[in-house]
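Here are a few exercises to work through with the viewer open. Try each one yourself before you read its solution.

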Amino acid sequence: MKIIIIGCGRVGRTLAQSLTDDGNEVTVIDADPDKVKRVTARCDVMGITGNGATHTVQREAGIETADLMIAVTSSDELNLLCCLVAKKESDCQTIARVKNPEYSEDAPYLKDELGLAMVINPEYESAEEIARLLRFPLATKIEPFAKGKIELIKFRLPKGNEIIGMSVKEVIQKYNSDLLICTIEREEESYIANGDFVFEEKDIISIVATPKNAYEFFDNIKCKGHTIKNTLIVGGGVITHYLCEILEKSHISLTVIEKDLKRCEELSSRWPKVKVIHGDSADHDLLLEEGVDSCGAFVSLSDLDEENVLLSLFAKGEGCQKTVTKVNRTDYDGLLSQLELEESVCPRSITSDRILRYVRATENAVGSNVETLYNIIPGEVEAAEFIVRENSPIVGIPLSKLKFKKDVLISAITRGKETIVPRGNNTIEVGDYVVIVSKHIGLCDIAEVLR
């Protein structure tokens with residue numbers, strides 16, 4: 001596809017890299033020449049310096065022949081204006097990043113009235129991910145598939161757990177678990193699970209299961225975790241606003257520490273049940289005073305990655321059992337794993353995954369469609385959910401008779417209200433939602449898993 005990206009900030013840079021890696025022809029636009037230079041030096045893209053909301057600059061970028069225009073500047077209004085201009089200049093699809101809470105309720109209206117292919121709000125989706133992690137404290141990542149009927153859950157195997165030294169096959173047989181173990185991360189290596197793989201201490205494991213079966217599995221292996229009743233949040237920005245909204249009716253009490261007085265006043269006015277503290281989160285005495293050592297979870301959402309990492313480490317060192325760390329740099333993944341801070345959210349990765357899913361679904365119109373996309377291990381392993389169409393060559397054949405590529409795992413099949421843990425005698429049928437875990441990055445069609 002021919003794609004134009006307006007905005008060369010963190011999200012724009014991540015998108016440019018991911019979309020070029022998938023084989024798309026990408027052009028980036030930004031008013032800051034240094035930002036444009038940084039992206040073009042790193043990625044195989046064309047760069048243009050200028051105002052992406054003007055038809056002159058968009059024409060220079062080739063908007064008339066573009067398939068997709070993505071506006072991800074720091075300004076919601078500018079992103080929407082870019083999309084309006086693009087729709088006037090061509091028939092291309094348009095995507096706008098819109099993060100302001102004032103626009104969140106109007107997202108469906110904006111999408112329909114402006115003819116947008118997608119309105120994406122990474123801050124809201126980050127808050128949803130954090131809320132899922134708070135509801136299931138053992139998990140380091142949770143990704144819903146099949147409209148929430150099944151979930152991919154990632155967790156670190158605790159020290160001394162009883163399944164250490166057991167193989168995947170032995171665990172499934174002993175606990176009669178109706179789920180699929182998908183991947184294992186060990187130090188810097190990643191593995192697609194097979195029956196003979198033996199678990200070791202501190203392995204990071206990904207499973208696919210219904211929420212009910214996942215809870216039963218963790219209960220059986222004595223790995224359920226504690227119930228979170230109170231959470232301490234650092235930073236009163238947009239993600240915190242959405243998190244308060246999502247958790248408003250939950251049984252989790254929230255305390256927010258924010259050094260900007262205006263933000264404090266806005267939060268306390270909007271969410272009267274939330275305890276808002278005006279103070280500096282770098283003050284360890286303040287954190288201790290607010291119970292960082294005894295809170296159920298600590299969520300660090302400041303604007304600086306380094307500060308978030310250090311604060312989470314401090315909370316963990318003081319005895320907090322669950323920390324969630326916001327980071328904007330994907331190259332911190334290895335560091336976070338070494339520090340055992342896997343419970344993290346990255347808004348720009350969420351944005352990139354959503355848009356990549358849309359691009360792949362648009363590119364493919366034959367035997368299936370990409371519905372959900374999630375990077376289990378960025379750049380190494382991803383989970384993609386496909387809805388299967390009539391002319392797919394994979395339909396109606398028992399899985400045991402299909403010749404799959406190496407490092408491909410059919411992880412779940414959802415058929416109507418039924419969720420199927422795939423076995424050799426199962427078949428994939430038209431209309432099924434199928435989750436594929438694979439080391440083959442960039443799948444656009446379910447048939448691509450076949451040799």
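**Exercise 1.** Find the strand that holds Thr 255, and decide whether Thr 255 is buried or exposed.

Start with the address: Thr 255 sits in strand β13. Keep in mind that this is a predicted model. Next, check the accessibility: the relative accessible area of Thr 255 is 14%. The cut-off for buried is under 20%, so Thr 255 is buried. Last, look at its contacts, skipping residues up to four places away in sequence: Thr 255 touches Thr 231, Leu 232, Ile 233, Lys 275, Ile 277 and Glu 290.

**Exercise 2.** Work out the order of the strands in the open sheet and name its edge strands.

Walk across the sheet and you get β14-β13-β12-β15-β16-β17, 6 strands with parallel pairing. Now look for strands that pair on one side only: these are β14 (275-278) and β17 (344-345), the edges. For a closer look at one pairing, take β12 and β13 (residues 253-258), which are joined in the parallel sense over 5 bridges. There you'll find Val 234 opposite Ile 257 of β13.

**Exercise 3.** Check the span of helix α13 (residues 305-317), then list what its buried residues pack against.

Take the 13 residues of α13 at 1.5 Å a residue, and the expected span is 18 Å. The end C-alpha atoms are 18 Å apart, so the two agree. Now pick out the buried residues of α13: Asp 305, Asn 308, Val 309, Leu 311, Ser 312, Phe 314 and Ala 315. They pack against three strands you can click through, β12 (230-234), β15 (297-300) and β16 (323-326), and against the helices α12 (284-289) and α14 (333-338). Just past the helix, look at Gly 319, where phi is positive at about 110 degrees.

**Exercise 4.** Find the residues that touch the most other members of the largest nonpolar core, and the helix that gives this core its largest share.

The core has 50 residues, and the best-connected ones are Ile 130, Ile 181, Phe 199, Ile 207 and Phe 218. Helix α7 (residues 122-135) supplies the largest share, 5 residues. A separate core of 45 residues includes Val 26, Ile 413, Ile 420 and Ile 436. Back in the first core, zoom in on Ile 130: beyond four places in sequence, Ile 130 touches Ile 239, Leu 243, Val 299, Leu 301, Val 324 and Val 345. Then try Ser 126, which is in helix α7. Its relative accessibility is 0%, so Ser 126 counts as buried. With neighbours within four places set aside, Ser 126 contacts Ile 239, Val 345, Pro 347 and Ile 350.

**Exercise 5.** How many disulfides are there in the whole structure, and why does Cys 264 have no bond?

The search gives 0 disulfides. For Cys 223, the nearest cysteine sulfur belongs to Cys 182, 17 Å away. Cys 223 is buried, at 4% relative accessibility. For Cys 264, the closest cysteine sulfur is in Cys 244 at 11 Å, which is too far for a bond. Cys 264 is buried as well, with a relative accessible area of 6%.

**Exercise 6.** Where is the confidence lowest, and where is it highest?

The mean pLDDT of the protein is 90, and 98% of the residues score at least 70. Going by element, α14 is lowest with a mean of 77, while strand β2 (residues 25-30) is highest at 97.

Methods:
Residues are numbered from 1 along each chain as its sequence is written. This is a predicted model: local features need pLDDT of at least 70, side-chain atom pairs count only at pLDDT 80 or more; totals for chains, interfaces and linings use all residues. Side-chain values use heavy atoms; hydrogens and water are left out. A disulfide is a pair of cysteine sulfur atoms within 2.5 Å. Buried means under 20% relative accessible area, exposed over 50%, partly exposed in between (1.4 Å probe, protein chains only). Helices (H or I, at least four residues) and strands (E, at least two) are DSSP runs, numbered from the N terminus. The expected span of a helix is 1.5 Å times one less than its number of residues. Contact means heavy atoms within 4.5 Å. Two strands pair if DSSP finds at least two bridges between them. pLDDT is the predictor's confidence in each residue, from 0 to 100. A nonpolar core is a set of buried Ala, Val, Leu, Ile, Met, Phe, Trp, Tyr and Cys residues joined through side-chain atoms within 4.5 Å.
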